[in-house]
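Welcome, and thank you for opening the viewer. Turn the structure around a little, and then we can walk through it together, stop by stop.

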Amino acid sequence: MEFILAQVFGGIALVIVCVGYFLKTKGTFMITQVVGNLFYACAFFVVGSYVGAGLVGISIFRCLYIYFAEKFNFKFKLHLLPIFIVMYIAMTVLFWEGALDLLALSSSILFTIGYIIKDMQVMRYVLIIPNALLVIYNVLATTYVSAVLDFIEIMVIVAAIVKFYYERRKNKEA
């Protein structure tokens, strides 16, 4: 039953997160990330992957912070990076289950680094890495639909990289 429930939660997260990529404003995108990540955390929780669920919980907080930073025009400062890293490490240590948890920890830290990079194209390249780590993590944690979600995110990121590469190239030629 837990396995099926994890796949349902992962499927709901997949739909919500994918819809977010088609929205135009960063604020709305961040809200879809929050809602999608709530379901993503539930998928981990029901299969007993508490590190995964906890790390996604911290990521929800990070996405909310970025949303409010955008909405109220305050900047995400680099000094917050160590705070998020410490929170991720503390969550991993608190619920440590094994070496697999290092994949989730690494991806959480890399997502945080990626989100604070100002150059959107560089950010896209960086975000491929944590999504690839999460595909592996989700397969090993048996949250297969969540693995599909992360794989689809990789494909969307690659499509965005290609799109913006050709747009820049076209603008330089004009």
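What share of the contacts in the protein with a separation of 6 or more comes from residues 24 or more positions apart? The share is 65%. Keep in mind as you look around that this is a predicted model.

**Stop 1: the whole chain**

Start with a cartoon view of everything. You should find seven helices and zero strands. Following the chain from the N terminus, the order of elements is α-α-α-α-α-α-α. Now show the C-alpha trace: along its principal axes, this trace spans about 55 × 35 × 25 Å. The radius of gyration is 16 Å, and a compact globule with 174 residues would be near 16 Å, so the two agree.

Switch on the surface next. Its accessible area comes to about 9500 Å², and 74% of that belongs to carbon and sulfur atoms. Of the 174 residues, 46% count as buried. If you colour by charge, you can pick out 13 positive and 9 negative side chains. The centres of these two sets lie 15 Å apart.

**Stop 2: helix H2 and Phe44**

Select residues 26-46, which make up helix H2, and find Phe44 there. Is Phe44 buried or exposed? Phe44 counts as buried, because its relative accessibility is 1%, and the cut-off for buried is under 20%.

Show the side chains around Phe44. Leaving aside neighbours within four places in sequence, Phe44 is in contact with Ser49, Gly52, Ala53, Val56, Tyr137, Asn138 and Thr143. Thr143 deserves a closer look: Phe44 and Thr143 are 99 residues apart along the chain, yet their C-alpha atoms are separated by 7.0 Å.

**Stop 3: the cysteines**

Stay in helix H2 and select Cys42. A search of the whole structure finds zero disulfides. Cys42 is accordingly in no disulfide, and the nearest cysteine sulfur, that of Cys63, is 15 Å away. How do the surroundings of these two residues compare? Cys42 counts as partly exposed because its relative accessibility is 31%, while Cys63, at 1%, counts as buried.

Before leaving Cys42, draw a distance line from its C-alpha to that of Ile116. The line should read 26 Å, for two residues that are 74 apart in sequence.

**Stop 4: helix H4 and Phe84**

Ile116 can now be used as a marker for another distance. Select Phe84, which lies in helix H4. Phe84 has 3% relative accessibility and therefore counts as buried. Draw a line between the C-alpha atoms of Phe84 and Ile116: the separation is 12 Å, with their positions 32 residues apart along the chain.

**Stop 5: helix H5 and Ser108**

Which residues does Ser108 touch, not counting those up to four places away in sequence? To find out, select helix H5, residues 101-116, where Ser108 lies. Its partners are Leu55, Ser59, Arg62 and Tyr88. Ser108 has a relative accessible area of 6%, so this serine is buried.

**Stop 6: out to a loop**

Finish with Asn73, in the loop between helix H3 (50-71) and helix H4 (80-94). Here the surface view is useful again: Asn73 counts as exposed because its relative accessibility is 70%. For one last distance, connect the C-alpha atoms of Asn73 and Ser107. These residues are 34 apart in sequence and 27 Å apart in space.

Key. Residues are numbered from 1 along each chain as its sequence is written. This is a predicted model: local features need pLDDT of at least 70, side-chain atom pairs count only at pLDDT 80 or more; totals for chains, interfaces and linings use all residues. Side-chain values use heavy atoms; hydrogens and water are left out. Helices (H or I, at least four residues) and strands (E, at least two) are DSSP runs, numbered from the N terminus. The radius of gyration is taken over C-alpha atoms; the globule rule is 2.2 Å times the number of residues to the power 0.38. Buried means under 20% relative accessible area, exposed over 50%, partly exposed in between (1.4 Å probe, protein chains only). Contact means heavy atoms within 4.5 Å. Accessible areas come from the Shrake-Rupley method with a 1.4 Å probe; for residues, only the protein chains shown count as cover. Lys and Arg count as positive and Asp and Glu as negative; His and the chain ends are not counted. The place of a charge is taken as NZ of Lys, CZ of Arg, CG of Asp or CD of Glu. A disulfide is a pair of cysteine sulfur atoms within 2.5 Å.
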